Amino acid sequence: MLVSPPVQGPGSLGQARGGIREDLDAAMRRDPAATSRAVVFFTSAGLHAIWLHRLAHELWGTRLLRPLARLIAYVSRSVTGVEIHPGATIGRRFFIDHGMGVVIGETAEIGDDCMLYHQVTLGGRSMERVKRHPTLGDRVTIGAGAKVLGPVYIGDDAQVGANSVVVKDVPAGAIATGVPAVYRFPKKADEDPYEALFNEPALFI
């Protein structure tokens, strides 16, 4: 659950380096194809998109610098294939696997240790200038192609299956699949959320 503002932006050189190390550690843990920190540092489009977003988000806090923040976001999308609005709030150790086609809207909020796969959309359903994008708690995983739409809340440790469409809140620890998504809880109280991905085939469909 989002209980404190996530760390964003460079702040200081030391803080920026610490954030990059955390992000690299997260990528090495979550991507079995990642065998070298150096290779991940130079070739992970998802990480590059996150780092550019942290810079753009820091600039977004100053109204006069918002055009520059939007320009950075535009360049990031062009280079990485990941579109993150500078206004989105993203926590620590966030990881986007593959990355291509991911869209994260302006009022989206993402907690710590979350992971998105390619073609995930955290989108809005309102044309009003209000909170219109999803909020993700901590340790949430969203499968490839899933769409989470509107100001819904995805609780801590929840999993959203590939190609699912979520338009209602998902409780902490639940597994949501389908169009529209319905949720269930792991069959065993101590079921590892990562293992649940393999025990629930619909998460990959």
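**Figure 1. Helices α3 and α4 in the lining of the largest cavity of the predicted model.** In this predicted model, α3 and α4 (66-80) each supply at least two residues of the lining of the largest cavity. The largest share of that lining comes from α3, which contributes four residues. The lining as a whole is made up of A49, L52, H53, A56, I72, A73, S76, V82 and I84, and by residue class it divides into seven nonpolar residues and two polar ones, with no charged residue. The space enclosed in the largest cavity is about 40 Å³, and the count of cavities of 30 Å³ or more comes to one.

**Figure 2. The largest nonpolar core and the surroundings of L116.** The largest nonpolar core has 37 residues, and those with the most contacts inside it are F94, I104, L116, L136, I142 and I154. Two or more residues of this core come from each of the elements α1 (13-30), α3 (45-60), β3 (95-96) and β6 (115-116), and among these elements α3 gives the most, with four residues. When residues up to four places away in sequence are not counted, L116 touches F94, F95, I96, D97, V102, I104, L122, L136 and I142. A second, separate core has five residues, including A56, L59, A69 and I72; of these, A56 and I72 also appear in the lining of the largest cavity.

**Figure 3. The open sheet of four parallel strands.** Four strands follow one another in the order β2-β5-β8-β11 and form an open sheet with parallel pairing. Because β2 (89-90) and β11 (153-154) stand at the edges, each with a single partner strand, one side of each is left without a neighbour in the sheet. Within the sheet, strand β5 (residues 109-110) pairs with strand β8 (residues 135-136) in the parallel sense over two bridges, and the bridge partner of I110 in β8 is L136. This view also connects with the preceding one, since L136 is among the residues with the most contacts inside the largest nonpolar core and is touched by L116.

**Figure 4. Backbone geometry at P180, D113 and N163.** Most residues other than glycine have a negative phi, and most peptide bonds are trans. The peptide bond from V179 to P180, by contrast, is cis, with omega near -10°, and P180 is found in the loop between β14 (175-177) and β15 (182-184). D113, which is not a glycine, has a positive phi of about 60° and lies in the loop between β5 and β6. A positive phi is also found at N163, where the value is near 65° in a residue other than glycine; N163 lies in the loop between β12 (159-160) and β13 (165-166). With a relative accessible area of 45%, N163 is partly exposed.

**Figure 5. The buried residue T121 and its contacts.** T121 lies in strand β7 (residues 121-123). Its relative accessibility is 18%, and T121 therefore counts as buried, the limit for that class being under 20% relative accessible area. Leaving out residues up to four places away in sequence, T121 touches V103, A146, K147, V148 and L149.

Technical notes: Residues numbered from 1 in each chain as written. Predicted model: local features only at pLDDT ≥ 70, side-chain atom pairs only at ≥ 80, totals over all residues. Heavy atoms only, no water. Core = buried A, V, L, I, M, F, W, Y, C linked by side-chain atoms within 4.5 Å. Buried < 20%, exposed > 50% of the residue type's maximum accessible area, 1.4 Å probe, protein only. Contact = heavy atoms within 4.5 Å. 1 Å grid on protein atoms, 1.4 Å probe; cavity = no way out; pocket = protein on both sides within 12 Å on 5 of 7 lines; lining within 4 Å. Points joined across faces, edges and corners; volume = space filled by probe spheres on them. Nonpolar A, V, L, I, M, F, W, Y, C, P; charged D, E, K, R; others polar. Pairing = 2+ DSSP bridges.
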